[in-house]
Amino acid sequence: RRLREVGGRVAVDTSEAPLQALVDGLPASAPDLMKPNGEELASFTGGDAEELESDPRATAVAARQLVERGVGAVLATLGGNGAVLVTADGAWHATPPPTTVVSTVGAGDSSLFGYLLGDIRGLAAPERLALAVAYGSAAAGLPGTTIPQPYQLRTELVGVTALTASPGGTP
């Protein structure tokens, strides 16, 4: 809240009690960006973690709850199923390039970095999502907490699809 009062922009990637405290404090504590994984998103939206990890539309519906409570954007990472981005302007799903997973440690952090880099560069939401998934996928293909370098990205192989409203709900 204090950072917002002085014009700061806030991105949050946390879990368990700190994440729950943030959600409990919405909308006053709403960050500009939240980056939960499917399990974390399910823990405070009442969704099923397995469904959210495998169904981008269900993930978008769950993430939309946070946007409606004041969060600027939700970047939900879904492991091998890519990621979903939800903002007030829309929802998108990105599928990762083919990746031989070596270690998932740090992949979410790398996804967050890719998204923030895209934001700093002024990219549109779908392109920020693509860069996030490219960085996360590149990190998963590296050992331990190795940080991917730009030359290791395969952004051109990331597929981004707009998630449109369906009769059962609004992504």
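## Questions on a six-stranded sheet and its pocket

β4 and β5 pair in the antiparallel sense over five bridges, in what is a predicted model.

Trainee: Happy to start with that pair! How many residues lie between β4 and β5 in their hairpin?

Mentor: Good place to begin. The two strands run antiparallel and are joined by five bridges. One of the bridges links T87 to G90 in β5. Between β4 and β5, the hairpin leaves two residues.

Trainee: On to the next neighbour. Which residue in β6 stands opposite A94?

Mentor: β5 pairs with β6 as well, in the antiparallel sense and over four bridges. Look along β6, residues 159-162. Opposite A94 you will find V160.

Trainee: Now the whole sheet. Which strands are its edge strands?

Mentor: The sheet is open, has six strands with mixed pairing, and follows the order β1-β2-β3-β4-β5-β6. An edge strand here pairs on one side only. That description fits β1 (11-12) and β6 (159-162).

Trainee: Let me look at the β1 end. Which residue of β2 is the bridge partner of A11?

Mentor: Nice choice, as it shows the other sense of pairing. β1 and β2 (residues 33-34) pair in the parallel sense over two bridges. In β2, the partner of A11 is L33.

Trainee: Back to β5: how many of its six residues are buried?

Mentor: Count a residue as buried when its relative accessible area is under 20%. By that cut-off β5 is largely enclosed by the rest of the structure, because the buried residues number five of the six.

Trainee: At about what angle does α7 run to β5?

Mentor: Helix α7 covers residues 125-140 and lies across β3 (73-77), β4 (83-87), β5 (90-95) and β6. The helix is mostly covered, with 14 of its 16 residues buried. Relative to β5, α7 runs at about 30°.

Trainee: I like a sanity check on geometry. How far apart are the end C-alpha atoms of α7?

Mentor: Take 1.5 Å a residue: the 16 residues of α7 should then span 22 Å. The value from the model agrees with that expectation, as the end C-alpha atoms are apart by 23 Å.

Trainee: Last one, on the largest pocket. Which residues are the closest to its centre?

Mentor: The largest pocket holds about 540 Å³ of space. Its lining takes at least two residues from each of α6 (107-120) and α7. Of the 28 lining residues, the closest to the centre are T77, L78, G79, A107 and G108.

Key: Residues are numbered from 1 along each chain as its sequence is written. This is a predicted model: local features need pLDDT of at least 70, side-chain atom pairs count only at pLDDT 80 or more; totals for chains, interfaces and linings use all residues. Side-chain values use heavy atoms; hydrogens and water are left out. Two strands pair if DSSP finds at least two bridges between them. Contact means heavy atoms within 4.5 Å. Axes are lines fitted to C-alpha atoms, for helices over the stretch in contact, and angles run from 0 to 180 degrees between N-to-C directions. The expected span of a helix is 1.5 Å times one less than its number of residues. Buried means under 20% relative accessible area, exposed over 50%, partly exposed in between (1.4 Å probe, protein chains only). On a 1 Å grid over the protein atoms alone, a cavity is a set of points where a 1.4 Å probe fits but cannot get out, and a pocket is an open set with protein on both sides within 12 Å along at least five of seven lines; lining residues have an atom within 4 Å of a point. Grid points are joined across faces, edges and corners, and a volume is the space filled by probe spheres set on the points.
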